[in-house]
Amino acid sequence: MGLLVVGSVALDSVETPFGRIDDALGGSALFFASAASLLYQRVRVVGVVGRDYPMNGLDSLRARGVDLAGVTMADGESFRWAGRYGFDLSTRETLDTRLGVFAQFKPRIPEEFRESRFVFLGNIDPELQLDVLQQVRKPEFVACDTMNYWIQGAASRVSLLKLLKHVDCLMLNDSEIRELSGDWHIQRAARWVIAHGPRYVVIKKGEHGAVLVGEGNVFYVPAFPLEDVFDPTGAGDAFAGGFMAHIAKSGNTSPANLRLAMVYGSAMGSFAVERFSIQRFAEIGPQDVMARVRASQELVHFERDFE
Ligand code: AMP
């Protein structure tokens, strides 16, 4: 069936209260693929890197069966992002965004990827996200991410609204959905999104978990309670990786299965934040993911026998 992701492949410089790292492997496509490949074998990545990119850094993904045939190398520097987190780890300041080869990025989906039934459009220009969709033959379930930058731009907002008519699920964080809908109230904002096209919306709320709204239902998944959080970068994309990989692996887009996909997403988000970059995903296997999914089930299980 195949799960296609298009997004950034970046070099991230991150400062947290616990340490810093420079030019670490990052980007939405990389976090997504690192998480998704723990659950599903046919993950395909489309992105662009510059001549300076350490390609051997991608070996761990290749070893997990990720198809990187859509990652091209262009003349110029790789996309670089730098950010700093405050003590509560939920506020992030972007210090620098250097587009490099990403500025000219025109995703070309390799022929063998065009059959992909499941598609994740990582956070890039909505015009490019639309262009990607036109190249995929018959996707069964399309999810997309976005960010404030595209919501705020007059032209990109128009493209984003056009894109929403073609996606099944929009995934974004609470501040982004408030900004997009112009409504501070999350449930009303979710209804606003659904009125503009997607059947589902996933609202990520960091340490407070995530909410799935759609098909007349609301489902809440808590964030896994970790002893330590180290670096929140990429949690949203890893969440999307777990969510989409579960859907692709099961081939089931029913509302009940999407609830379970939320739990896989939450588990992957929790792994992402335990180390810098994609490091944690190299240390774990599918059995660790399953253990966290089971623990999440326990976390929200309750009896009504005492009423
Ligand atoms: P998240 O923490 O899930 O929002 O994702 C963080 C990742 O997004 C980092 O690895 C960055 O390299 C990447 N990123 C940051 N800004 C952008 C941007 N404008 N376009 C694409 N990717 C970005």
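Hi everyone. A residue counts as buried when its relative accessible area is under 20%. Leucine 89 comes out at 12%, so it falls on the buried side of that cut-off. One thing to keep in mind throughout: what we have here is a predicted model.

Let me stay with leucine 89 for a moment. Leucine 89 sits in the loop that links β6 to β7, the latter being residues 92–98. Setting aside residues up to four places away in sequence, leucine 89 touches Thr16, Pro17 and Phe18, and also Val229, Phe230 and Pro232. As for valine 300, which is 211 residues away along the chain, its C-alpha atom is 24 Å from that of leucine 89.

Now to the ligand, which I suspect is what you came for. How many residues surround the ligand? There are 17, and the closest are Ser8, Asp12, Gly27, Arg92 and Gly234. By type, the shell splits into seven nonpolar, seven polar and three charged residues. Its largest share, three residues, is supplied by α8. β2, β6 and α8 each give the shell at least two residues.

For those of you who like distances, here are three. The side chain of serine 8 places an N or O atom 2.8 Å from a nitrogen atom of the ligand. Aspartate 12 has a polar side-chain atom 2.5 Å from a ligand oxygen. And for aspartate 237, an N or O atom of the side chain is 3.0 Å from an oxygen atom of the ligand. On its own the ligand has 510 Å² of accessible area, and the protein covers 87% of that.

Next, β2, which spans residues 10–16. Six of its seven residues are buried, so this strand is largely enclosed by the rest of the structure. Which strands does it pair with? One is β3, residues 19–26, which runs antiparallel to β2 and is joined to it by six bridges. Alanine 10, for example, has glycine 26 of β3 as its bridge partner. The connection between β2 and β3 is a hairpin through two residues. Another partner is β6, which pairs with β2 in the parallel sense, over six bridges. There, leucine 11 is matched with arginine 80 of β6.

Let's move to threonine 233. You will find threonine 233 in the loop between β13 (217–221) and α8 (235–250). Is threonine 233 buried or exposed? Its relative accessible area is 5%, so threonine 233 is buried. The side chain of threonine 233 also makes a polar contact of 2.7 Å with the side chain of tyrosine 85. Apart from residues up to four places away in sequence, threonine 233 touches Asp12, Val14, Phe31, Trp81, Tyr85 and Arg92. Two of those names should ring a bell: Asp12 and Arg92 are among the closest residues to the ligand.

Last stop, methionine 171, in strand β10, residues 169–173. With a relative accessibility of 1%, methionine 171 is buried as well. Leaving out neighbours within four places in sequence, its contacts include Phe120, Cys144, Asp145, Val202, Lys204 and Phe243. Leucine 212 is 41 residues away from methionine 171 along the chain, and their C-alpha atoms are 9.1 Å apart.

That's my tour. Thanks for listening, and I'm happy to go back to any of these spots on the screen.

Methods: Residues numbered from 1 in each chain as written. Predicted model: local features only at pLDDT ≥ 70, side-chain atom pairs only at ≥ 80, totals over all residues. Heavy atoms only, no water. Helix = DSSP H or I, 4+ residues; strand = E, 2+ residues; numbered from the N terminus. Buried < 20%, exposed > 50% of the residue type's maximum accessible area, 1.4 Å probe, protein only. Polar contact = N/O pair within 3.5 Å; in protein donor to acceptor, adjacent residues only side chain to side chain. Contact = heavy atoms within 4.5 Å. Near = heavy atom within 4 Å. Areas by Shrake-Rupley, 256 points an atom, 1.4 Å probe, with all protein chains shown as cover. Nonpolar A, V, L, I, M, F, W, Y, C, P; charged D, E, K, R; others polar. Pairing = 2+ DSSP bridges.
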